[in-house]
Amino acid sequence: MDLRRLRLLHALAGYGTVSAAAEALHLTGPAVSQQLATLEREAGVRLLQRQGRRLTLTEAGRVLVAHTDVLLDQLAAAESDLLALRSEVAGTVRIGAFASAAATFVASAWRTLDAEGGRLKLRLVGMEPEESLPALSRGEVEIAVAHSYDLLPFTVPPTCERHELLTDPVVVALPEADPVALGGEPVDLAALSDHAWLSVPSDTSCHQMLQRACGASGFVPQLVAQTGEYAAVLALIAAGAGVTLLPLLGARNIPPEVVLRPLARPISRHIFAITRHGGERHPAVNVVLDRLRAAAREFEVQAPSGGT
């Protein structure tokens, strides 16, 4: 079976439709369909079946995609070993990272690599973990910077490896005039059960963390606003709209009317890089991981600016 056709089947599994896979691979839909039909003849078994207007994988197709995962990992490892023999680290490493990571230690690592000169280049795509891990699987990025919370377990896919970067504590953000904010003591969330709450969108793990933390304290938060930007959430808190939970890395510029307080029952966000299995053996990826680790250590010990 031809590896190029196996890549097409793998892409179909990742993107879900022939048209999406064709667009990602810069091919036409008919060309992809033709190559997949040839692959079926090579395999001697049906790999695809039609459900409505879409092609989906048969059980044989899913088995072949699983084997293709292994083949692509082995091919990437071979390329990495060959690149390791070069005297100069060069190439382009694509990173998928969520906003607060991109604005802090990813930007710092980028600055360090630029200062070092050389032919190693970065490309960044802003992605939440829910997006960056599938992008890594599809080969769109070499490194996915992701996170998980204590309250939300995370399982690394078997074809991937996790590289720890930093631990980011979760704090509660309140208007400075709020009685709960006075005194600077760790906050018991139960004391905020009657408050209005602000959050990021419902389809994010940050929102799920807030819901679970409040639920563990015996109440359902009364949400009055949801927005995708922590800066907007902090501005609304400064206006007295409510309170929220947020990871410290997301609170880099705090309005003077907002205070941050630690939680009586601490919650942490764990930030890490994900590569495909053996990805760190690629010299360029390994260098970028080293710079990300170094930059992350700096931000782990820094406090946010503004009133706390």
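In helix α1, the residues R5, L6, L8, L9, H10, A11 and L12 are buried. The model described here is a predicted one. The length of α1 can be checked by simple reasoning: at 1.5 Å a residue, its 13 residues should span 18 Å, and because its end C-alpha atoms are 18 Å apart, the two values agree. Directly after α1 comes G16, whose phi is positive, near 95 degrees.

A positive phi also appears at H26. This residue is not a glycine, yet its phi is about 60 degrees. H26 belongs to the loop between α2 (18-24) and α3 (29-43). Is H26 buried or exposed? Its relative accessibility is 73%, and so H26 counts as exposed, since the term applies to values over 50%.

The text now turns to helix α5, which covers residues 99-116. Two of its residues may be considered in turn, beginning with T104, which has its place in this helix. T104 has a relative accessibility of 3% and therefore counts as buried, the limit for that class being under 20%. Which residues does T104 touch, if those up to four places away in sequence are not counted? They are L249, R252 and F299. With regard to L249, the C-alpha atoms of the two residues are separated by 7.8 Å, although T104 and L249 are 145 residues apart along the chain.

The other residue is S108, which is also found in helix α5. Its relative accessibility is 10%, so S108 counts as buried. Once its neighbours within four places in sequence are left aside, S108 is in contact with A295, E298 and F299. F299 is thus a contact of S108 and a contact of T104.

The contacts of S108 lead to helix α9, which runs from residue 283 to residue 300. Two of these contacts, A295 and F299, are among the buried residues of α9; the others are P283, A284, V285, V287, V288, L289, L292 and A296. The length of α9 can be tested in the way used for α1. At 1.5 Å a residue, the 18 residues of α9 should span 26 Å, and because the end C-alpha atoms are 26 Å apart, expectation and model agree.

The strands offer another view of the structure. Strand β9 consists of residues 244-247. From this strand T244 and L246 point one way, whereas L245 and P247 point the other way, and all of them are buried. Strand β6, residues 160-175, pairs with β9 in the antiparallel sense, over 4 bridges. In β9, L246 is the bridge partner of V171.

A further strand, β8, is formed by residues 222-226 and contains L223. With a relative accessible area of 30%, L223 is partly exposed, because this class lies between the limits of 20% and 50%. Apart from its neighbours within four places in sequence, L223 is in contact with W197, L198, S199, H207 and Q211. L223 and W197 are 26 residues apart along the chain, and their C-alpha atoms are separated by 4.7 Å.

It remains to consider the empty space in the model. Rolling a probe the size of a water molecule over the atoms shows where such space is left. The largest pocket has a volume of about 730 Å³. Its lining comprises 33 residues, and A76, R94, G139, E142 and R276 are the closest to the centre. Which helix gives the most to this lining? Helix α4 does, with 7 residues. Both α1 and α9, described above, are among the elements that each supply at least two residues, as are α4 (59-84), β3 (90-97), α6 (129-137) and β11 (268-276). By class, the lining holds 14 nonpolar, 11 polar and 8 charged residues.

The second largest pocket has a volume of about 430 Å³. Of the 22 residues that line this pocket, A99, S100, G228, E229 and Y230 lie nearest its centre. Helix α5 appears again here: α5 and α8 (230-238) each supply at least two residues of the lining, and the largest share, 4 residues, comes from α5. The lining of the second largest pocket divides into 11 nonpolar, 7 polar and 4 charged residues.

How values were computed:
Residues numbered from 1 in each chain as written. Predicted model: local features only at pLDDT ≥ 70, side-chain atom pairs only at ≥ 80, totals over all residues. Heavy atoms only, no water. 1 Å grid on protein atoms, 1.4 Å probe; cavity = no way out; pocket = protein on both sides within 12 Å on 5 of 7 lines; lining within 4 Å. Points joined across faces, edges and corners; volume = space filled by probe spheres on them. Nonpolar A, V, L, I, M, F, W, Y, C, P; charged D, E, K, R; others polar. Buried < 20%, exposed > 50% of the residue type's maximum accessible area, 1.4 Å probe, protein only. Contact = heavy atoms within 4.5 Å. Pairing = 2+ DSSP bridges. Expected span 1.5 Å × (residues − 1).
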